[in-house]
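Here are my notes on the model, set out as numbered points for you to read beside the structure.

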Amino acid sequence: MELRLSVCVLLLLCATSSSNGGKILVWYTEASHWINMKPVLETLVDRGHQVTVLVPSASMFMNSSEPSRFQYEPFDVSVSLEAFEELLEEFNHFSMYEIDYMNYFQIYIKYIDIMRTDLQNNLKTLDGVVKSETLMKKLKKENFDLLFADPLLPGSDLAADILGIPLVFSLRFSLAHNWERMCGQLPAPPSFVPGAMSKLTDKMDFSERLWNVLFYALQDVVIDNVMWKMLDKYYSEVKGSNTRIFSWIPQNDLLGHPKTKAFITHGGTNGIYEAIYHGVPMVGIPMFADQSDNMVHMKAKGAAVIQNLNFMTTESLRDAIKMIINDKSILANLNTLKAQPYGAWKHFYSFIHSYKENVMRLSRIHHDRPMSPRDEAVFWIEFTMRHKGAKHLRVQAHELTWYQYHSLDVLTFFITIDLFLIFILFKTCSFCFQRCCGRKTTKRKAE
Ligand SMILES: *[C@@H]1O[C@H](CO)[C@@H](O)[C@H](O)[C@H]1NC(C)=O
């Protein structure tokens, strides 16, 4: 009885110490970004935090009528839902069916055009928050401890600033790591960090490094958001007697089934992580956004084969599926082999693995972590609240000028010292030379 009582007390103590009961405001987002955010919000609620989510009236994926354990804070926007849907449709069509037939200049012009309209719509949405006196007054009164946002849609940093609360981002990447580099001051030398969505890996030859530098530079000019919407209708187009079509399937469960041999995927982040988690090799048919980039990385690891949506044929898709199920991934590993010293060629066969072996290796690495990603996300949100914005994590690079950042001042200093020493050496030598030779000539003259 006593033991039970003390266990109860202990549990109670644990419960109170683990839930700090903070108030968290969550920025609106869309599509997979919203799907990924929800489990973290659930866990935050589990841990006793009060979670409030901003939802614009014209949201494609958020539904404030949906039963949930967090609160919704709906707000009105002047853009229609149809306007958002139309733009998304246009962007998808561009990425899936037009881009392969356009030159770089045309792609660039179209891309900027779409991004500009997107930004205009997003800013009108933002009006609904920051320009609404009623809403801002209400949010201020709530005294939130933190704003949690996926920066896909702009304005969360502005709102956090106005509300005077710390901000935590949940971000997979930005185009060419632009936000990470410009806003986070994260170092990303283009010599070995491939720009996100450049379709390059970290092993680049000279021409690829040249392209990477240009890619960074080009994307730095066009900074914007890219959104995606999955058209599962596409899958219905390829029908066969051994194919079953569902409007929705529990993809994660299916990938976890021991009989699953291969995964034909559009290459979205969630899908490839699920495939890596369960160790299923992939045939990627990337369509838009980060999908091509994701699949290039999977291919480089010997875990996938890529098919081009516009140029693939029934035969090529069939061959690709056969290949990842039956063949060894020689190509992907030849690159690894080439990087080895000469003697390694003797062990040629030890570098050839099946696609299954390669993806299982990725899976083992993926599972080997100190805590679950969900716990990690919640940890950092709570960490930032506990330390009032965690200013100590801000890198010193923010305080440096560009020439200090590249240590050019130090370099200049060393070069100056070197030049000075060379100058001294030169002067000493010429002085000695003059003394020695000069004396000889005078002596000879005297003789
Ligand atoms: C929003 O959720 C409610 C309640 O679950 C549901 O009845 C409604 O159909 C949903 N709306 C949309 C647009 O999905």
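1. How many residues of each class, nonpolar, polar and charged, does the shell around the ligand have? In this predicted model, the shell has one nonpolar, two polar and one charged residues, and the residues that surround the ligand are Asn63, Ser65, Glu66 and Pro67.

2. Within that shell, Asn63 deserves a separate look, since a polar side-chain atom of Asn63 lies 2.3 Å from an oxygen atom of the ligand. Taken alone, the ligand exposes 360 Å², and of that area the protein buries 27%.

3. Turning to internal space, the structure holds two cavities of 30 Å³ or more, and the second largest of them contains about 80 Å³ of space. This second largest cavity is lined by 11 residues, and those closest to its centre are Glu30, Ala58, Phe84, Asn122 and Leu153. By class, the lining of the second largest cavity divides into seven nonpolar residues, three polar residues and one charged residue.

4. Finally, an unreviewed UniProt entry lists residues 410-433 as "transmembrane region". In the model, residues 410-433 are 100% helix and 0% strand, and the C-alpha atoms at the two ends of the span lie 34 Å apart. The label itself comes from the UniProt record, whereas the helix content and the end-to-end distance are computed from the predicted model.

How values were computed. Residues numbered from 1 in each chain as written. Predicted model: local features only at pLDDT ≥ 70, side-chain atom pairs only at ≥ 80, totals over all residues. Heavy atoms only, no water. 1 Å grid on protein atoms, 1.4 Å probe; cavity = no way out; pocket = protein on both sides within 12 Å on 5 of 7 lines; lining within 4 Å. Points joined across faces, edges and corners; volume = space filled by probe spheres on them. Nonpolar A, V, L, I, M, F, W, Y, C, P; charged D, E, K, R; others polar. UniProt positions renumbered as here; feature names shortened; annotations may be inferred. Helix = DSSP H or I, 4+ residues; strand = E, 2+ residues; numbered from the N terminus. Near = heavy atom within 4 Å. Polar contact = N/O pair within 3.5 Å; in protein donor to acceptor, adjacent residues only side chain to side chain. Areas by Shrake-Rupley, 256 points an atom, 1.4 Å probe, with all protein chains shown as cover.
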